[in-house]
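Here is a short tour of one helix and the loop that comes after it. Have the model open as you read, and follow along residue by residue.

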Amino acid sequence: MSDTNHSRSSQDSKDATSSTSQNSKQDFMEDEEILIAKMHSLVGDRWSLIAGRIPGRTAEEIEKYWTSRHSSSHR
């Protein structure tokens, strides 16, 4: 039984690590940035439509990324 508990705690550690990496997924890859810029020029602020083209990204993540990068250019 102790082997089962050890395996379970090892799995819990792996799950905690993967959920932490998902939480820090705010960093966008260069190809994602390019795709977001292209899509935004085509469809505007339709974040859910853009998110549909980028697996694993939500509309909220993309909108937050876009506004954080481009908000100073609107001032």
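Which residues of α2 are buried? In this predicted model, they are E32, I36, M39 and H40.

## The two sides of α2

The buried residues of α2 span an arc of only 105° around the axis, so they sit on the same side of the helix. The general pattern behind this is simple: an α-helix has 3.6 residues a turn, so residues three or four places apart point the same way. On the other side of α2 you will find E30, D31, K38, S41 and L42, which are exposed.

What lies over the buried residues of α2? The cover includes α3 and α4 (59-70).

## The length of α2

A quick geometry check works out nicely. With 14 residues at 1.5 Å a residue, α2 should span 20 Å, and this agrees with its end C-alpha atoms, which are 20 Å apart.

## Leaving the helix

After α2 comes G44, with a positive phi near 75°. D45 belongs to the loop between α2 (30-43) and α3 (47-51).

Is D45 buried or exposed? Its relative accessibility is 52%, and because exposed means over 50%, D45 counts as exposed. The side chain of D45 also reaches a residue of the helix: a polar contact of 2.7 Å joins it to the side chain of H40, one of the buried residues of α2.

For a sense of the fold around this loop, compare D45 with I62: they are 17 residues apart in sequence, and their C-alpha atoms are 9.9 Å apart in space.

Definitions and conventions
Residues are numbered from 1 along each chain as its sequence is written. This is a predicted model: local features need pLDDT of at least 70, side-chain atom pairs count only at pLDDT 80 or more; totals for chains, interfaces and linings use all residues. Side-chain values use heavy atoms; hydrogens and water are left out. Helices (H or I, at least four residues) and strands (E, at least two) are DSSP runs, numbered from the N terminus. Buried means under 20% relative accessible area, exposed over 50%, partly exposed in between (1.4 Å probe, protein chains only). A polar contact is a pair of N or O atoms within 3.5 Å; within protein, one must be able to donate a hydrogen and the other to accept it, and residues adjacent in sequence count only if both atoms are side-chain atoms. The expected span of a helix is 1.5 Å times one less than its number of residues. The arc is that of the directions from the helix axis to the C-beta atoms. Contact means heavy atoms within 4.5 Å.
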